[in-house]
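Trainee: I am new to this structure and would be grateful for a close look at a single part of it. Please take one strand and then show its setting.

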Amino acid sequence: MKIENKVLACVDLSLFADYVADYAAWAARRMDAPLKFLHVISRHPEIGSGEDHSGAIGIGSQEILLTKLSEQDAALAKVAHEKGRIFLNRLRERAIAAGVASPDMKQRHGALEETLVEQEDDVRLFVLGRRGESAEVTNRDLGRNVERVVRALHKPILTVTEGFTEPRRVMIAFDGGSLARKGVEMVAASPLFRGLPIHLLMSGKASQDGPRQLECARQTLEAADFEVISSLIPGDTERIVAQAIQEQGIDMLIMGAYAHSALRSLILGSKTNDLLRSARIPTLLLR
Amino acid sequence: MKSLRQDWLSNIRNDLLAGIVVALALIPEAIAFSVIAGVDPKVGLYASFCIATVIAFTGGRPGMISAATGAMALLMVMLVKEHGLQYLLAATILTGVLQIAAGWLRLGSLMRFVGRAVVIGFVNALAILIFMAQLPELTGVTWVVYAMVIAGLGIIYLFPYITKAVPSPLVAIVVLTAVAMYFGMDIRTVGDMGQLPDSLPVFLLPDVPLNWETLKIIFPVSLTLAVVGLLESMMTASIVDDLTDSQSNKNRECVGQGIANIASGCVGGMAGCAMIGQSVINVKSGGRGRLSTLAAGVFLLLMVVFIGDWVSQIPMAALVAVMIMVSIGTFNWASICDLRSHPKSYSVVMLATVGVVVATHDLAQGVLVGVLLSGFFFAHKVGMIMYVGSKSENEGRIRSYQVVGQVFFASADRFVESFDFKEVIEKVRIDVSRAHFWDVTAVTALDKVVIKFRREGTEVEVIGLNEASATMVDRFAVHDKEGAEDLLMGH
């Protein structure tokens with residue numbers, strides 16, 4: 001089987017799915033890659049349904065209970081399948097309308113994280129909503145799945161927010177680290193941003209090597225025929241990036257993600273999470 | 001973190017409600033089992049509270065209910081009668097220690113040797129024992145008691161048709177208690193059975209001399225308790241696994257049961273284990289998480305401590321009705337119909353397990369007999385898969401034997417008998433390359449065949465012995481080498 005480098009749009013039944021579909025369609029068109037929608041249906045054996053509090057057990061009650069519970073599960077699963085299929089089909093139509101030739105769709109059982117890791121091999125770009133079904137009600141800035149999923153994957157991940165605007169100006173948040181340098185090379189080699197002006201922004205604590213690394217990155221991008229605007233602004237990364245995005249009308253951010261261990265970010269906080277919260281635009285995370 | 005939240009907080013409302021239902025059913029059971037063991041009801045009630053609460057944190061199967069059980073109570077009778085309560089508490093703690101050791105040694109995996117027939121036999125025997133334990137309450141009593149038991153069972157099974165919001169065993173107990181008090185009936189009540197808890201449990205080490213004598217008294221009991229407790233817990237865990245379509249951690253459950261029993265012994269409670277009936281009730285009522293087990297334990301204690309005066313007024317007849325319900329619900333009724341359709345060996349193992357348990361009141365002995373019998377039947381069946389064919393070659397000068405199948409202790413005699421030693425022939429060739437020699441008995445049998453032929457003056461050639469005896473993993477230790485499957489299965 002040939003390895004197809006597809007764009008995988010991971011959706012759940014939330015309103016963010018539409019924007020995931022839009023950005024995935026955009027990316028698929030730019031990279032001329034096949035597009036596939038994935039909806040993961042997870043089971044919840046830890047949640048019980050209790051309408052029977054009679055507490056009486058009689059002849060064959062164990063067998064009857066087993067039959068009843070498995071029938072319940074089967075009925076729920078059928079409903080979920082059908083709901084997901086209709087939902088995915090609508091997104092597929094949407095992608096076709098946006099100009100993608102023949103998007104594929106698939107539903108799978110399992111936990112989100114594990115399913116995505118299984119699919120990773122023939123995926124070139126993941127697209128997922130920064131918030132999802134559960135965040136619709138809880139109003140959190142960052143969906144609870146995002147960090148876990150991103151950490152588990154090793155391919156670029158485009159995390160999208162509400163609304164879709166076709167990216168015109170993109171910015172790379174550059175910290176000079178190995179992940180960021182690799183990221184710059186990936187951007188230079190990819191057709192995804194070809195023809196778009198790229199802002200290269202370095203911030204954070206001023207370091208000796210900073211200007212040299214920034215220059216190096218600029219040359220890499222220019223060698224690939226990109227129009228590059230590079231700037232070095234020392235200071236609080238989170239604030240400066242957010243400010244630059246506003247001032248220069250950036251509509252997509254690119255950065256390396258979660259270079260440090262989960263334990264370290266639990267204690268010191270994660271720069272990736274801070275940036276994801278402060279930058280309210282779609283962000284491409286490089287791993 | 002994720003699993004912690006999932007185990008505890010994903011099903012709060014259902015867990016709490018199911019916990020209350022279970023607690024209400026646990027109270028009569030704990031009292032009834034204390035009566036069986038010959039101790040005050042408070043011993044069983046403290047045990048049920050303590051075991052349920054501790055296992056909520058330490059167990060390996062969320063949603064499973066553990067407390068004082070009939071299977072364990074039956075094993076304590078003699079110890080309590082001859083040595084008293086303090087020795088029971090010491091035995092309970094030792095049981096916990098043994099169970100923790102079993103968990104660390106990963107003995108939970110030994111459950112795979114306990115086949116389906118033995119499990120069904122265990123469950124049926126347990127149900128019969130619970131029922132038989134009610135008989136003392138039903139012999140030599142007035143018709144009033146019978147009427148109350150029947151009325152109780154009627155309420156338990158018919159009330160759910162009216163509403164399923166209230167536990168019907170509770171309704172039965174309340175109604176029967178009210179009737180008995182209103183008419184001032186002269187029948188036995190829970191209060192007559194001994195002391196009920198009047199306070200929260202306090203930490204207290206058993207008052208026994210710490211010496212060799214004590215160990216000799218309690219060790220045999222503790223060992224049986226530990227084995228039976230783990231057996232019932234493992235079986236219940238796999239029942240809950242099936243019902244909820246999820247996995248449990250069996251070795252963690254072993255250690256958890258041990259910790260719970262040690263804790264129970266330290267607050268004046270008896271040993272316990274997982275309960276099949278209560279766990280089914282819990283799942284049926286919507287309980288899935290650890291919270292349901294914790295809630296059951298805490299509600300039980302609160303109810304008993306704060307309405308203890310009312311509890312002592314409950315007529316024993318009401319408890320008997322509840323226990324008969326548990327017995328009916330635990331028994332595997334389908335297994336009676338299966339007797340006709342399942343293989344004879346299966347039925348024999350199942351019935352033997354039941355028979356031994358009912359005769360000895362010891363579930364461990366029943367399981368031992370059941371496991372041994374299944375082993376015999378299995379060996380017998382596999383021993384049938386052995387065939388020796390022969391043909392003469394080289395114009396009648398050579399006879400070539402071809403051995404196919406499994407040669408081991410159960411088939412070795414048949415193997416030897418398959419050769420014709422009386423045949424007058426120059427040379428015999430025995431090809432064993434398509435046979436498996438499983439043990440020393442098989443190799444000895446082959447030696448015997450060779451010697452017998454030689455005595456008749458026949459030359460013997462054995463082909464393929466190395467391949468055949470590769471299955472004697474003990475000696476050649478191929479099981480841990482690469483390509484073991486090919487060696488064992490290939491030829």
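Mentor: What follows begins with one strand of chain A and then turns to the surroundings. Please bear in mind that this is a predicted model.

The part I have chosen is strand β6 of chain A, which covers residues 170–174. Of its 5 residues, 5 are buried, so the strand is largely enclosed by the rest of the structure. The cover extends to both faces of β6(A). On one side Val170(A), Ile172(A) and Phe174(A) are buried, and on the other side Met171(A) and Ala173(A) are buried as well. As a general matter, nonpolar side chains tend to be buried together in soluble globular proteins.

The pairing of the strand comes next. Strand β7 of chain A, residues 198–202, runs parallel to β6(A), and 5 bridges join the two. One position can be followed across this pair: Met171(A) has His199(A) in β7(A) as its bridge partner.

The domains of chain A give the wider frame. The domain assignment places residues 6–43 and 79–160 in domain 1, and residues 170–280 in domain 2. The centres of these two domains of chain A, taken over C-alpha atoms, are separated by 25 Å. Where they touch, 10 residues of domain 1 of chain A meet 8 residues of domain 2 of chain A. On the domain 1 side, the elements that give two or more residues are α1 (16–31) and α5 (146–152) of chain A. That side of domain 1 consists of 4 nonpolar, 1 polar and 5 charged residues.

Chain A also meets chain B, in a contact that takes 23 residues from chain A and 39 residues from chain B. The chain A side of this contact has 8 nonpolar, 10 polar and 5 charged residues.

The nonpolar cores complete the setting. The largest one has 138 residues, and those with the most contacts inside it are Phe122(B), Met270(B), Leu300(B), Ala318(B) and Leu363(B). Helix α2 of chain B, residues 12–37, supplies the largest share of this core, with 16 residues. A second, separate core has 65 residues, including Ala21(A), Ala33(A), Leu158(A) and Met252(A).

For chain B, the domain assignment gives domain 1 as residues 2–364 and domain 2 as residues 384–489. The C-alpha centres of these two domains of chain B lie 54 Å apart.

Technical notes: Residues numbered from 1 in each chain as written. Chains lettered and ligands numbered in written order. Predicted model: local features only at pLDDT ≥ 70, side-chain atom pairs only at ≥ 80, totals over all residues. Contact = placed C-beta atoms within 7 Å. Nonpolar A, V, L, I, M, F, W, Y, C, P; charged D, E, K, R; others polar. Domains from an automatic or database assignment. Helix = DSSP H or I, 4+ residues; strand = E, 2+ residues; numbered from the N terminus. Core = buried A, V, L, I, M, F, W, Y, C linked by C-beta atoms within 7 Å. Buried ≥ 20, exposed ≤ 12 C-beta atoms within 10 Å, placed from the backbone. Pairing = 2+ DSSP bridges.
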